[in-house]
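Trainee: Could you take me through one part of this protein up close? I'd like a bench-side walk through it, one piece at a time.

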Amino acid sequence: MARKFFVGGNWKCNGTTEEVKKIVAVLNEGQVPPPDAVEVVVSPPFVFLPLVKSSLKPHFHVAAQNCWVKKGGAFTGEISAEMIVSLDIPWVILGHSERRLLLNESNEFVGDKVAYALGQGLKVIACVGETLEQREAGKTLDVVAAQTRAIAERVSSWENIVLAYEPVWAIGTGKVATPAQAQEVHHELRKWLHDNVSAEVAASTRIIYGGSVSGGNCKELATQPDVDGFLVGGASLKPEFIDIIKSSELKKSA
């Protein structure tokens with residue numbers, strides 16, 4: 001079964017209204033493959049979600065960068081899944097390493113968030129990945145398996161989950177996992193899904209790579225058999241994001 005290439009753009013905590021309008025203009029003017037060839041989802045800060053959704057071409061979808069673990073209430077500063085759904089935003093990013101490391105979100109907490117968001121009808125980009133210390137200690141596969149297990153134990157369907165492998169040591173550092181390193185972890189994640197969830201889920205779930213993806217390295221990464229796309233950080237704010245989207249054309253059918 002062919003897995004449609006997926007390119008996400010995580011804008012993180014960047015942009016003013018005018019800067020966001022310029023980014024949207026670049027996307028709208030860019031020549032990209034049709035939606036049936038590649039799924040593109042951009043994730044602006046919460047305050048810009050309505051602006052971006054209303055001004056982007058329908059080629060592109062929009063994601064929130066996070067949501068709360070349960071229904072709204074007395075949780076100052078948090079955004080609920082219900083709020084995101086009410087804005088007709090289809091996607092949310094959960095478990096990003098910056099939230100795991102800076103805000104101490106545990107594997108179990110991320111798993112609970114994924115389950116709740118799915119239950120409210122959102123599609124989820126669920127992030128996993130190891131730190132430099134964990135990689136150097138030879139614990140990469142153990143770490144990403146534990147992070148994935150915490151999700152698998154809480155969800156009944158993977159139909160609306162994209163798994164994003166983001167080695168923490170490669171996020172915003174300019175360091176990139178080599179195509180072979182990325183493929184190795186993606187292959188092992190798919191094998192874990194096969195052995196612990198089902199063969200069907202392993203074959204159909206898209207596993208995308210994130211970690212200093214750029215217009216210069218995306219082509220070689222895109223041709224790896226178990227790399228189904230990218231979650232792009234800084235480069236998603238720049239015109240080269242169009243080149244990254246176009247790298248989907250190099251992907252052979254799975």
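Mentor: Sure, let's start at the surface and work inwards; keep in mind that this is a predicted model. Take Leu-101: with a relative accessible area of 47%, Leu-101 is partly exposed. You'll find Leu-101 in helix H4, which covers residues 97-102. Leu-101 has company out there, too: together with Leu-102 and Leu-103, Leu-101 forms a nonpolar patch on the surface, and the three share about 330 Å² of accessible area.

Now for the strands. Strand S3 is a good one to dwell on. Four of the five residues of S3 are buried, so S3 is largely enclosed by the rest of the structure. On one side, S3 pairs with strand S2 (residues 38-43) in the parallel sense, over three bridges. To see one of these contacts, find Val-40 and look across to its bridge partner in S3, Phe-60. Helix H2 (residues 49-55) belongs to this story as well, since S2, H2 and S3 make a right-handed β-α-β unit.

S3 also has a parallel pairing with strand S4 (residues 91-94), this time over two bridges. Here Ala-64 stands opposite Val-92 in S4. The chain gets from S3 to S4 by way of helix H3, and this β-α-β crossover is right-handed.

While you have Ala-64 on screen, look for Ser-43 as well. Ser-43 sits in strand S2, and with a relative accessibility of 1% it counts as buried. Ser-43 and Ala-64 are 21 residues apart in sequence, yet C-alpha to C-alpha they are 5.5 Å apart in space.

Carry on from S4 and you come to strand S5 (residues 123-128), where S4 and S5 pair in the parallel sense over four bridges. One spot to check is Trp-91, which stands opposite Lys-123 in S5. S5 is mostly covered, with five of its six residues buried. S5 in turn pairs with strand S6 (residues 161-165), again in the parallel sense, over five bridges. For a landmark there, use Cys-127, whose bridge partner in S6 is Ala-164.

Last stop, the aromatics. Counting rings as paired when their centres lie within 6.5 Å, the model has five aromatic pairs. One of them is Trp-68 with Phe-75: the ring centres are 4.7 Å apart and the planes meet at 40°, so this pair is tilted. Trp-68 counts as buried, at 17% relative accessibility, whereas Phe-75 counts as partly exposed, at 29%. Trp-68 also pairs with Phe-109; those ring centres are 6.2 Å apart with planes at 65°, so this pair is edge-to-face. Trp-68 lies in the loop between S3 (60-64) and H3 (81-86), while Phe-109 is in helix H5 (residues 107-119), so the pair ties together parts that are 41 residues apart in sequence. Phe-109 is partly exposed, at 26% relative accessibility. Put the ring pairs together and they link Trp-68, Phe-75 and Phe-109 into a cluster.

Note on methods. Residues numbered from 1 in each chain as written. Predicted model: local features only at pLDDT ≥ 70, side-chain atom pairs only at ≥ 80, totals over all residues. Heavy atoms only, no water. Phe/Tyr/Trp six-rings, centres within 6.5 Å; stacked < 30°, edge-to-face > 60°. Buried < 20%, exposed > 50% of the residue type's maximum accessible area, 1.4 Å probe, protein only. Patch = residues over 30% accessible without salt bridge, like charges linked within 9 Å, V, L, I, M, F, W, Y side chains within 5 Å. Areas by Shrake-Rupley, 256 points an atom, 1.4 Å probe, with all protein chains shown as cover. Salt bridge = Lys/Arg side-chain N within 4 Å of Asp/Glu carboxyl O. Pairing = 2+ DSSP bridges. Right-handed = clockwise from strand over helix to strand, strands pointing away.
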